[in-house]
Amino acid sequence: MRADGVRGLVVVVAISLILRTVLGLTFTPYLHGMDGYFHLRMANLIVRNGELPTIDPNSWGGRQYHYLPAFHMLLATLRLATGLNFETAARAIGPLISILPTLSIFLLVRPRGTRQAFLAVLAFALAPYAVLKFTVNAMADALSLGLIVHAVLLASRGLFPLLCLTVFTCAFTHPSAALLLILTPFLPLRRSVIIVLLLAPLWVFLASLALVAGQGIAHQFVPDLLYDHIYEPVTRLHLTIGFNPIIGLLAIAGLAFHDGSRGERMLLALSACIVVGVMLGYVEAGRGIAYLTPVVAVFAAAAADRLATGGRPAGFLLAGSLVFSILVLMWAFHFSFWGMMSPAQRGALLWLKDQPRGTVATWLGDGQWIATVADQPNIMDGHFTGRKDSNERLDDLNDLFNVTTAGKAEEVLRKYDVTYVYLHKMHWHWMDRQGYEHDRLVYSIDRSPCFVKDFDNGHSQFYRVVGRTDCFPPNIADII
């Protein structure tokens with residue numbers, strides 16, 4: 001590679017690291033959302049026990065480990081190699097992983113000009129969903145996406161040995177590795193068969209999981225009450241904070257400049273698979289849009305490159321698009337802060353970590369924080385894979401907190417041997433918005449003889465269970 005090419009790669013790496021590190025480590029004090037804390041816990045168990053976990057004693061009160069291990073091993077290795085504490089390592093891994101798809105996008109587009117390649121990198125860097133899901137969180141499919149885009153690059157260049165290594169690695173990372181099947185129509189038959197065989201670890205994993213999950217494997221046993229929320233149709237909000245309208249329109253315009261290259265045809269095939277998956281309800285809209293961002297970036301760069309050569313009016317339009325994209329990214333960050341724990345919540349969870357071990361009853365959304373940050377067992381969390389009892393457990397939690405019948409709520413306390421109940425302001429806010437009467441556990445727990453408040457920092461409260469019968473005041477029992 002010539003010296004100017006090496007300098008270009010160094011600049012791309014520097015831009016990716018600086019931008020993603022600033023976003024990942026400065027704008028957000030903790031990991032975004034809950035999913036990353038599952039991966040953080042699994043890496044912690046690897047380091048603690050010196051081997052892959054077989055059981056997670058905290059999740060769902062104890063469950064088998066069902067996950068492809070590559071990402072967890074990578075996160076554990078980063079922790080051991082750097083000496084960083086686990087959460088810092090988890091927040092750093094997103095910016096580091098983002099280098100792979102960034103470089104792959106740059107090298108895919110570079111034959112059409114260095115300027116267009118840099119514009120593609122910029123479009124990818126400014127795609128909000130790619131940042132929110134894969135940079136400020138610790139997500140296994142961030143690594144999978146990087147490997148898939150890198151595989152497209154290698155296949156387009158005919159680098160088959162490196163392609164085999166990439167496919168094999170991806171097969172241990174995330175079920176989305178199955179998207180690598182899009183490569184097979186573009187390769188000679190013998191090489192296509194090899195690619196399928198290299199995905200064997202993924203097929204073995206899915207087959208073994210199917211025995212556990214049965215018919216629920218497609219949607220990972222998401223409870224019926226949450227199905228429409230998690231697998232909701234694509235909305236204007238998804239598109240706005242996905243790759244923002246300007247970049248999306250540029251990508252559509254950029255299709256006119258599609259040159260028929262093998263790399264671009266593979267990207268279009270990848271897009272078709274993702275879009276069909278979202279439309280059929282097998283891929284969440286947000287995750288699907290995040291997976292589309294590299295493709296959108298490549299084609300948006302083709303249109304933006306034409307604008308860059310279109311004189312002053314086109315230049316002003318391009319500059320305005322850049323400013324708008326930055327504003328959309330900032331707005332998306334502000335919008336997404338609902339999914340992050342607050343310092344008050346974290347303080348409460350760290351208090352619980354120092355308490356005697358016991359099952360914690362709380363809303364589903366806080367379950368993973370209980371398992372990871374507080375290191376205590378929960379009744380359930382957002383990792384539903386293989387859990388045939390997800391509907392039952394969610395119904396039980398609703399019965400406990402909504403007090404549909406006092407007898408049923410007390411049965412839940414006994415059934416899961418609940419030791420602590422965790423409430424915070426968002427719970428009351430949600431209940432009030434639903435218009436519930438104040439005859440629910442959320443409102444009545446301070447008057448119940450079965451609970452003692454052990455912690456209250458003004459935002460979060462922990463109640464210790466001291467009894468599991470006659471827990472609800474007589475007036476509530478009379479009402480229900």
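Helices (H or I, at least four residues) and strands (E, at least two) are DSSP runs, numbered from the N terminus. The model is predicted, so local features need pLDDT of at least 70 and side-chain atom pairs pLDDT 80 or more, while totals for chains, interfaces and linings use all residues. Residues are numbered from 1 along each chain as its sequence is written, and side-chain values use heavy atoms, with hydrogens and water left out.

**Exercise 1. Find where Asp375 and Asp470 sit, and describe their phi angles and exposure.**

Step 1: Start with place. Asp375 belongs to the loop between helix H19 (367–372) and helix H20 (390–402). Asp470 is in the loop between strand S6 (460–465) and helix H24 (474–479).

Step 2: Look at phi. Most residues other than glycine have a negative phi. Asp375, however, has a positive phi near 55°, and Asp470 has a positive phi of about 50°.

Step 3: Check exposure. Buried means under 20% relative accessible area, exposed over 50%, and partly exposed in between (1.4 Å probe, protein chains only). Asp375 has 24% relative accessibility, so it counts as partly exposed. Asp470 has 62%, so it is exposed.

**Exercise 2. Work out how H15 and H16 are arranged.**

Step 1: Use the axes, which are lines fitted to C-alpha atoms, for helices over the stretch in contact; angles run from 0 to 180 degrees between N-to-C directions. The axes of H15 (residues 262–279) and H16 come within 10 Å and cross at roughly 160°.

Step 2: Name the arrangement. Angles under 35 degrees count as roughly parallel, over 145 as roughly antiparallel, 65 to 115 as roughly perpendicular and the rest as oblique. H15 and H16 are therefore roughly antiparallel.

Step 3: List some partners, taking contact as heavy atoms within 4.5 Å. Among the residues that meet are Leu267 and Ile274 in H15, and Tyr291 and Val295 in H16.

**Exercise 3. Describe the surroundings of Phe134.**

Step 1: Phe134 is part of helix H7 (residues 128–134). With 6% relative accessibility, it counts as buried.

Step 2: Leaving out residues up to four places away in sequence, Phe134 touches, among others, Gly94, Met139, Leu145 and Tyr291.

Step 3: Along the chain, Gly146 is twelve residues from Phe134, and their C-alpha atoms are separated by 9.9 Å.
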